[in-house]
Amino acid sequence: MKQLITIGLITFSLLVGKAEEKEIFWLGADISGTPEQEARGIVNYNSEKQPMENTSLMKYFGLNVIRLKVWVNSENGFNTPRHVLEMARRAKSQGLEIMIDFHYSDTWADPGHNNSPKEWEGLDIELVKGKLAEHTFSTLQLLKDNEINVKWVQVGNETTNGMVWPIGRIPDHMENYVALSNAGYDAVKKVYPEAVVITHLDDGYNLFLYQYVFNAMRRLGGKFDAIGMSVYPYWSKRDQTVKEAVTDITDNIKTLGKEFECPVYIVETGAEVWKPEEGYDFISRLIKGAQYDTDGICKGVFYWEPTAVHTPEHGGYSLGAYESFMPTKIMDAFKEASGN
């Protein structure tokens with residue numbers, strides 16, 4: 001009898017251990033615009049109409065990580081390494097993890113705008129690789145020196161058409177694109193060896209696009225730990241139900257994760273702020289689908305600038321989750337997913 005009790009206790013302990021080891025699903029948001037909002041005197045509120053600082057708001061809604069973009073020599077004076085450090089300190093104080101998103105430009109980088117920083121213009125590929133590596137290293141070292149842990153780093157933002165144009169443009173200079181990606185990857189690992197390095201493309205509905213870029217990365221010796229994906233039904237202009245749209249994404253995630261043997265993160269998503277019920281439905285289904293219907297390949301979902309300014313009178317960013325500085329129902333999707 002004593003032996004049976006002992007075996008039972010051992011079995012129970014093993015089961016408890018397995019439960020404790022359950023992998024965290026990451027619920028995140030990019031709130032890089034916070035310092036600029038605050039400089040303009042903008043204040044956001046929680047569901048109880050109480051004013052709250054943005055990292056506190058993310059914690060309030062059940063998020064567990066924030067994403068922060070950084071520019072090289074910022075055109076507008078924001079999104080600098082100093083701003084990133086300030087926001088990272090706030091995130092740390094809230095118990096939030098951190099993803100850093102390098103744009104490798106002096107302003108916005110995306111599939112239509114991935115221009116070289118002015119300081120790097122006209123340099124050959126070896127010099128640009130050195131500049132990119134130094135910028136990556138120095139920014140991350142600043143964070144590490146201030147006891148900030150960085151779990152994920154994006155080497156480029158929505159690099160569908162390459163980065164640091166024209167020298168790293170796809171398809172004209174695929175070899176250079178891969179070389180620049182590798183320079184960033186190696187710089188990340190020098191500072192944060194355990195950080196997950198993400199290569200990020202837009203339009204997660206376009207499976208061919210992802211296979212084209214990542215097959216080229218693999219063929220040319222490109223280094224990446226995970227795939228980052230943007231998912232915006234609004235920009236993809238797909239005539240589908242929400243259920244069909246989410247199924248397409250989860251199918252693509254499974255295909256890519258298995259083909260390239262790596263995890264996938266939805267590092268950007270958003271819904272139409274003036275349609276909060278529809279937005280809530282989409283984000284709720286997307287989180288559930290990513291967490292439970294991708295065979296464990298998708299590790300997290302990040303909303304892009306949920307607290308971005310939008311008012312009925314003056315407009316603003318149309319795919320956020322706040323209307324007139326108050327949360328819409330869209331934010332409830334995160335609260336429910338987190339169990340808050």
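This is a short dialogue on reading the cysteines, cores, pockets and cavity of a predicted model.

Reader: Let's start with cysteines. How many disulfides does the structure hold?

Author: The general idea is to look at how far apart the sulfurs sit: a disulfide needs a pair of cysteine sulfur atoms within 2.5 Å. Here the structure holds zero disulfides.

Reader: Why is Cys262 without a bond to Cys298?

Author: Because the closest cysteine sulfur to that of Cys262, the one in Cys298, is 11 Å away, which is too far for a bond. Look at it from the other end and the story holds: Cys298 is in no disulfide, and its nearest cysteine sulfur, in Cys262, is 11 Å off.

Reader: And is Cys262 buried or exposed?

Author: Check the relative accessibility against the cut-off: buried means under 20%. Cys262 comes out at 8%, so it counts as buried. Cys298 is buried too, with a relative accessible area of 3%.

Reader: Okay, on to the core. Which residues touch the most other members of the largest nonpolar core?

Author: With a core, look for the residues that touch many fellow members. This one has 86 residues, and those touching the most others are Ile100, Leu140, Leu143, Val164, Ile227 and Ile266. Helix α6, residues 174-191, provides the largest share of this core, with eight residues.

Reader: Pick one for me. What is Ile266 in contact with, beyond its neighbours within four places in sequence?

Author: Skipping those neighbours is a handy habit, as it leaves the contacts that come from folding the chain back. Ile266 is then in contact with Met229, Val231, Ile249, Ile253, Leu286, Ala290, Cys298, Gly300, Val301 and Phe302. You'll spot Cys298 from earlier in that list. Apart from the largest core lies another one, of nine residues, including Trp26, Val65, Trp152 and Val267.

Reader: Now pockets. What volume does the largest pocket have?

Author: For a pocket, ask about its volume, then its lining, then the classes of residue there. The largest pocket has a volume of about 430 Å³. It is lined by 19 residues, and Asp110, Glu158, Tyr232, Trp235 and Glu268 are the closest to its centre. Two elements, β8 (226-231) and α8 (233-236), give two or more residues to that lining. By class, the lining has eight nonpolar, four polar and seven charged residues.

Reader: Which residues lie nearest the centre of the second largest pocket?

Author: Same routine. This pocket holds about 360 Å³ of space. Its lining has 15 residues, with Pro233, Tyr234, Val242, Glu272 and Glu278 nearest the centre. Helices α8, α9 (242-260) and α10 (276-292) each give two or more residues to the lining, and α10 gives the most, with three. Sorted by class, that lining has six nonpolar, four polar and five charged residues.

Reader: How many cavities of 30 Å³ or more does a search of the whole structure find?

Author: Unlike a pocket, a cavity is a space the probe fits into but cannot get out of. The search finds one of 30 Å³ or more. The largest cavity has about 40 Å³ of space.

Reader: What lines the largest cavity?

Author: Ser32, Pro35, Leu68, Lys69, Asn79, Thr80, His83, Val84 and Met87 do. Both β4 (65-70) and α4 (81-93) supply at least two of the lining residues, and α4 has the largest share, three residues. The classes are four nonpolar, four polar and one charged.

Notes: Residues numbered from 1 in each chain as written. Predicted model: local features only at pLDDT ≥ 70, side-chain atom pairs only at ≥ 80, totals over all residues. Heavy atoms only, no water. Buried < 20%, exposed > 50% of the residue type's maximum accessible area, 1.4 Å probe, protein only. Core = buried A, V, L, I, M, F, W, Y, C linked by side-chain atoms within 4.5 Å. Helix = DSSP H or I, 4+ residues; strand = E, 2+ residues; numbered from the N terminus. Contact = heavy atoms within 4.5 Å. 1 Å grid on protein atoms, 1.4 Å probe; cavity = no way out; pocket = protein on both sides within 12 Å on 5 of 7 lines; lining within 4 Å. Points joined across faces, edges and corners; volume = space filled by probe spheres on them. Nonpolar A, V, L, I, M, F, W, Y, C, P; charged D, E, K, R; others polar.
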